[in-house]
Amino acid sequence: MSDKPEQDDRPEQEPRSAGDRPEDRRITDLGTLKAFGHPLRLKLYRSLYVRRRATASQLAEEVEGAVSLVSYHLRKLAEHGLIEEAPGATRGDGRERWWQPAQQGLSLHRRDFEDAPEKLAAHTAVARAIVDQRTDAYLRYLDEQPAWSPEWQAAADGSDFLLRLTAAELAALSGELRAVIQKYAASGNTAHEAGDDEGRENVALHLYSFPFRT
């Protein structure tokens, strides 16, 4: 880590809010998929998404990596338009960039990569890496669960539902769930931007729906 004197880690001014950024970006090209799917870049993007804006030094502490290496991977994400410099957010001496996601969310769809075996293999590898990352986050919560208050432990959920549906019904169900989640996400973001963060924590909500046969 750097041995430079400590400095204020807050931006000089707030970057544009999430509402000012484009909504979900759908990754459809192999180059961007591979750039995003690098294991360290997946971690960095997730950390940056949670923080909303951060410097390479802050992210390096979080992923326990060298600042120079983290800076390199952040630039690669920026080259593909996945992250961007936060407008007006620089350190007091101007030596370190502040970064933020370039969109409110990302999505991957298998059908966009089915035209070539290499593309399909890359999509599958990235999808598996994302699931592994989410699993690691939940396992970490289970290990740290006793440190959370009884209220948070009661609020957390881990459920498994087995349904008998058609493809159309599953699509409708997924759409309704997304609408409910987006409602709560929007209200939480609005409260955060207004400074109302008392009792508010980062919350991960992972939903998987897929067909299977016995």
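## A tour of the packed helices

Start with helix α2 (residues 39–51) and α5: their axes come within 11 Å of each other and cross at roughly 55°. Helices here are DSSP runs of H or I with at least four residues, strands are runs of E with at least two, and both are numbered from the N terminus. Axes are lines fitted to C-alpha atoms, for helices over the stretch in contact, with angles running from 0 to 180 degrees between N-to-C directions.

This is a predicted model: local features need pLDDT of at least 70, side-chain atom pairs count only at pLDDT 80 or more, and totals for chains, interfaces and linings use all residues. Residues are numbered from 1 along each chain as its sequence is written, and side-chain values use heavy atoms, with hydrogens and water left out.

**Stop 1: α2 against α5**

The crossing angle makes α2 and α5 oblique to each other. Angles under 35 degrees count as roughly parallel, over 145 as roughly antiparallel, 65 to 115 as roughly perpendicular, and the rest as oblique. The α2/α5 crossing is right-handed. Right-handed means that the near helix is turned clockwise from the far one by less than a right angle; anticlockwise is left-handed.

Now show side chains. From α2, pick Leu-42, Lys-43 and Arg-46; from α5, pick Ala-129, Ile-130, Gln-133 and Ala-137. These residues make the contact, meaning heavy atoms within 4.5 Å. Colour by type and the set divides into 4 nonpolar, 1 polar and 2 charged. Nonpolar covers Ala, Val, Leu, Ile, Met, Phe, Trp, Tyr, Cys and Pro; charged covers Asp, Glu, Lys and Arg; the others, Gly among them, are polar.

**Stop 2: α1 against α5**

Keep α5 (residues 117–144) on screen and add helix α1 (residues 30–37). The two pack at an angle of about 30°, with axes 10 Å apart. α1 and α5 are therefore roughly parallel to each other. Their crossing is left-handed.

On the α1 side, select Leu-30, Leu-33, Lys-34, Phe-36 and Gly-37. They meet Glu-118, Lys-119, Ala-122, His-123, Val-126 and Ile-130 of α5. By type, the α1/α5 contact holds 6 nonpolar, 2 polar and 3 charged residues. Ile-130 appears in the α5 lists for both α1 and α2.

Stay on α1 and colour by accessibility. Of its 8 residues, 6 are buried: Leu-30, Thr-32, Leu-33, Ala-35, Phe-36 and Gly-37. Buried means under 20% relative accessible area, exposed over 50%, and partly exposed in between (1.4 Å probe, protein chains only). To see what covers these residues, switch on β1 (25–27), α2, α4 (67–79), β5 (106–108) and α5, which are included in the cover.

**Stop 3: α2 against α3**

Return to α2 and add α3. Their axes are 10 Å apart, and the packing angle is about 115°. The crossing is right-handed. α2 contributes Leu-40, Lys-43, Leu-44, Ser-47, Leu-48 and Arg-51, while α3 contributes Gln-58, Leu-59, Glu-62 and Val-63. That makes 5 nonpolar, 2 polar and 3 charged residues.

Centre on Ser-47, in helix α2. Ser-47 is buried, at 9% relative accessible area. Leaving out residues up to four places away in sequence, Ser-47 touches Leu-59, Glu-62 and Val-63. Draw a C-alpha distance from Ser-47 to Leu-59: 7.0 Å, for residues 12 apart along the chain.

Next, Gln-58. This residue lies in helix α3 (residues 56–63) and is buried, with a relative accessible area of 12%. Which backbone nitrogen does its side chain reach at 3.0 Å? That of Thr-55. The pair is a polar contact (N or O atoms within 3.5 Å; within protein, one able to donate a hydrogen and the other to accept it, with sequence neighbours counted only if both atoms are side-chain atoms).

**Stop 4: two loop residues**

Select Arg-52, in the loop between α2 and β2 (54–55). Its phi is near 80°, a positive value in a residue other than glycine. Arg-52 counts as partly exposed, at 29% relative accessibility.

Then move to Glu-64, in the loop between α3 and α4. Phi of Glu-64 is also positive, near 55°. Glu-64 counts as exposed, at 74% relative accessibility.

**Zoom out**

Show the whole chain as a cartoon. There are 7 helices and 5 strands, in the order β-α-α-β-α-α-β-β-β-α-α-α. Of the 214 residues, 27% count as buried. Among contacts with a separation of 6 or more, 66% join residues 24 or more positions apart.
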